[in-house]
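Me: I would like a close look at a single part of this structure, followed outward from one residue to the helices around it. Please take the time to connect the pieces in one answer.

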Amino acid sequence: MREVLAQAAFRLFLERGFEQTTVDDIVARAGVGRRSFFRYFPSKEDAVFPDHERCLAEMTEFLAAADDGDPVGAVSDAARIVLRMYAANPEFSVQRYRLTREVPGLRTYELSVVRRYEQTLAGHLRSRFGEDGDGALRAEVIAASVVAAHNNGLRLWLRSGGEGDPEAAVDRALALVREAWGRPAASAAPAAPEVSAVPAVPLAVSGDGDGGVVVMVARRGAPMWRVVQQIEAAVGEN
């Protein structure tokens, strides 16, 4: 029944327009009563996104069983669950994308859905990095990066009309996130030189003039945002 209602609603949205379609129109097309509609969908907007609740539940289940050793990889793989949901029905996904571009209210609703995915990813990362301080900040930044990377690749595919392999662009974007934030395996590279000899050296930047080299000396464990801030300041000064 949920699928029947969603299909009836979407056909009407395409035929008449979202704003011009009422719940009464939808239930009449589906051949059911209003009570049946509201049993499955709280609003018209929910009927445009009938698969996201299931997808969110699948993502939550996937993360609960994920390996603790690679949290960035886990949330990147979790994002691919959303991609597969879109790719399973390209025609519907492309039509929905075009509809949300035309209806501001649907765009706002879609953003709220995206935010729920992001919060789910961030929650998983906080459970690995910690709920306070830099751990919580790192979780929020990585989750936002994963969502942005996923959506960039997905929208390229949707704007193409659903042509080609949607995973290629998304995988490329997510690889950048993992490169920036992932931790390499212990055997992937030789151990870095011990830097405990300068544990108290504060953040500092120096350069050798225009076009020269900027050198950063940072305390081990310094937050990435602070390092970037200092580099930006040095480049600006130079």
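Which residues does Ser93 touch, not counting residues up to four places away in sequence?

Reply: In this model, which is predicted, Ser93 touches Tyr86, Trp157 and Leu158, once residues up to four places away in sequence are not counted. Ser93 itself lies in helix α7, which covers residues 90-102, and its relative accessible area is 1%, so Ser93 is buried, the cut-off for that class being under 20%. With Tyr86 there is also a polar contact, in which the side chain of Ser93 reaches the backbone oxygen of Tyr86 at 2.7 Å.

The partners of Ser93 lead on to a pair of helices, since Tyr86 of α6 is listed, together with Trp157 and Leu158 of α9, in the contact of these two helices. Helix α6 (residues 71-87) and helix α9 (residues 133-159) pack at an angle of about 30°, and their axes are 10 Å apart. Because an angle under 35 degrees counts as roughly parallel, α6 is roughly parallel to α9. The crossing in which α6 passes α9 is right-handed. On the α6 side the contact is made by Val72, Val75, Ser76, Ala79, Val82, Leu83, Tyr86 and Ala87, which meet Ile142, Val146, His150, Leu154, Trp157 and Leu158 in α9. Sorted by class, this contact has 12 nonpolar residues, two polar residues and no charged residues.

Helix α6 also packs with helix α8 (residues 104-129), here at an angle of about 155° and with the axes 9 Å apart. Since angles over 145 degrees count as roughly antiparallel, α6 is roughly antiparallel to α8. This crossing, too, is right-handed. Pro71, Val72, Ala74, Val75, Ala78, Val82, Met85 and Tyr86 in α6 meet Glu110, Tyr117, Leu121, His124, Leu125, Arg128 and Phe129 in α8. By class, the contact of α6 with α8 has 12 nonpolar, one polar and two charged residues. Tyr86, a partner of Ser93, thus appears in the contact of α6 with α9 and in that of α6 with α8.

Tyr86 is also a partner of a second residue of helix α7, namely Arg96. Arg96 counts as buried, because its relative accessibility of 2% falls under 20%. Leaving aside neighbours within four places in sequence, Arg96 is in contact with Phe10, Val48, Phe49, Pro50, Asp51, His52, Met85 and Tyr86.

Towards the N-terminal part of α6, a further residue comes in from helix α10 (residues 166-181), where Arg178 lies. Arg178 touches Asp70, Val72, Gly73 and Ser76, again not counting residues up to four places away in sequence; among them, Val72 and Ser76 are also listed in the contact of α6 with α9. Arg178 has a relative accessible area of 33% and is therefore partly exposed, lying between the cut-offs of 20% and 50%. Arg178 and Ile142 are 36 residues apart in sequence, with a C-alpha to C-alpha distance of 9.2 Å, and Ile142 belongs to the α9 side of the contact with α6.

For the wider setting, the protein chain comes to 11 helices and two strands, and buried residues make up 37% of its 238 residues. Among the contacts with a separation of 6 or more, 60% are between residues 24 or more positions apart.

Methods. Residues are numbered from 1 along each chain as its sequence is written. This is a predicted model: local features need pLDDT of at least 70, side-chain atom pairs count only at pLDDT 80 or more; totals for chains, interfaces and linings use all residues. Side-chain values use heavy atoms; hydrogens and water are left out. Helices (H or I, at least four residues) and strands (E, at least two) are DSSP runs, numbered from the N terminus. Buried means under 20% relative accessible area, exposed over 50%, partly exposed in between (1.4 Å probe, protein chains only). A polar contact is a pair of N or O atoms within 3.5 Å; within protein, one must be able to donate a hydrogen and the other to accept it, and residues adjacent in sequence count only if both atoms are side-chain atoms. Contact means heavy atoms within 4.5 Å. Axes are lines fitted to C-alpha atoms, for helices over the stretch in contact, and angles run from 0 to 180 degrees between N-to-C directions. Angles under 35 degrees count as roughly parallel, over 145 as roughly antiparallel, 65 to 115 as roughly perpendicular and the rest as oblique. A crossing is left-handed if the near helix is turned anticlockwise from the far one by less than a right angle, and right-handed if clockwise. Ala, Val, Leu, Ile, Met, Phe, Trp, Tyr, Cys and Pro count as nonpolar, Asp, Glu, Lys and Arg as charged, and the others, Gly among them, as polar.
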